[in-house]
Amino acid sequence: MAPPRFLLAGQINAGKSSLINALANEVLSDVRPVPTTSDVAEHVLTIEGEECAILVDMTGLTNDDASRAALFDQVARCDAIIWVSSATQPGRDADVRALTA
């Protein structure tokens with residue numbers, strides 16, 4: 001049986017990659033002050049050698065159709081979505097539209 005797939009989605013530079021690194025307890029995703037994730041990346045988490053989860057890291061959402069299409073494509077392939085938003089950035093139209101779709 002395949003491990004569950006969790007999509008980390010949300011604002012640009014909200015901390016999605018940082019959360020993946022924290023959950024993995026190692027550096028799997030590059031983290032910098034400016035956004036660095038440029039494509040979808042999948043990371044397999046293991047416990048005692050057994051695959052227990054797949055974390056899907058994607059670029060931050062924008063208002064364009066390509067960004068929404070990429071989100072919907074990943075949503076269809078995942079078991080759950082972890083929505084990541086910044087505590088220091090206000091909600092944006094792109095966030096509201098993605099959450100209500």
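**Close-up views of a predicted model**

**View 1. Glu51 sits in strand 3, which covers residues 50–57.** The model shown here and in the other views is predicted. Leaving out residues up to four places away in sequence, Glu51 touches Pro3, Val44, Leu45 and Thr46. Pro4 is 47 residues from Glu51 in sequence. In space, the C-alpha atoms of Glu51 and Pro4 are 9.4 Å apart.

**View 2. Four strands make an open, mixed sheet.** Their order is 2-3-1-4. Strand 2 (41–47) and strand 4 (80–84) stand at the edges. Each has a single partner strand, so one side of each is left without a neighbour in the sheet. On average, neighbouring strands of this sheet are turned by 25 degrees against each other, direction ignored.

**View 3. Strand 1 pairs with strand 4 in the parallel sense.** Strand 1 spans residues 5–10. Five bridges join strand 1 and strand 4. Ala9 stands opposite Trp83 of strand 4.

**View 4. Helix 1 and helix 2 meet the sheet.** Helix 1 (residues 16–24) lies across strand 1, strand 2, strand 3 and strand 4. Helix 1 runs at about 170 degrees to strand 3. Helix 2 packs on the sheet and touches strand 1, strand 2, strand 3 and strand 4. The direction of helix 2 makes about 155 degrees with that of strand 1.

**View 5. Arg68 lies in helix 2, residues 65–77.** Arg68 has a relative accessible area of 19%, under the 20% limit for buried, so Arg68 counts as buried. Its side chain makes a polar contact with the side chain of Asp65, at 2.4 Å. Beyond neighbours within four places in sequence, Arg68 is in contact with Thr62, Asn63 and Arg97.

Note on methods. Residues numbered from 1 in each chain as written. Predicted model: local features only at pLDDT ≥ 70, side-chain atom pairs only at ≥ 80, totals over all residues. Heavy atoms only, no water. Helix = DSSP H or I, 4+ residues; strand = E, 2+ residues; numbered from the N terminus. Buried < 20%, exposed > 50% of the residue type's maximum accessible area, 1.4 Å probe, protein only. Polar contact = N/O pair within 3.5 Å; in protein donor to acceptor, adjacent residues only side chain to side chain. Contact = heavy atoms within 4.5 Å. Pairing = 2+ DSSP bridges. Axes fitted to C-alpha atoms, helices over the stretch in contact; angles between N-to-C directions.
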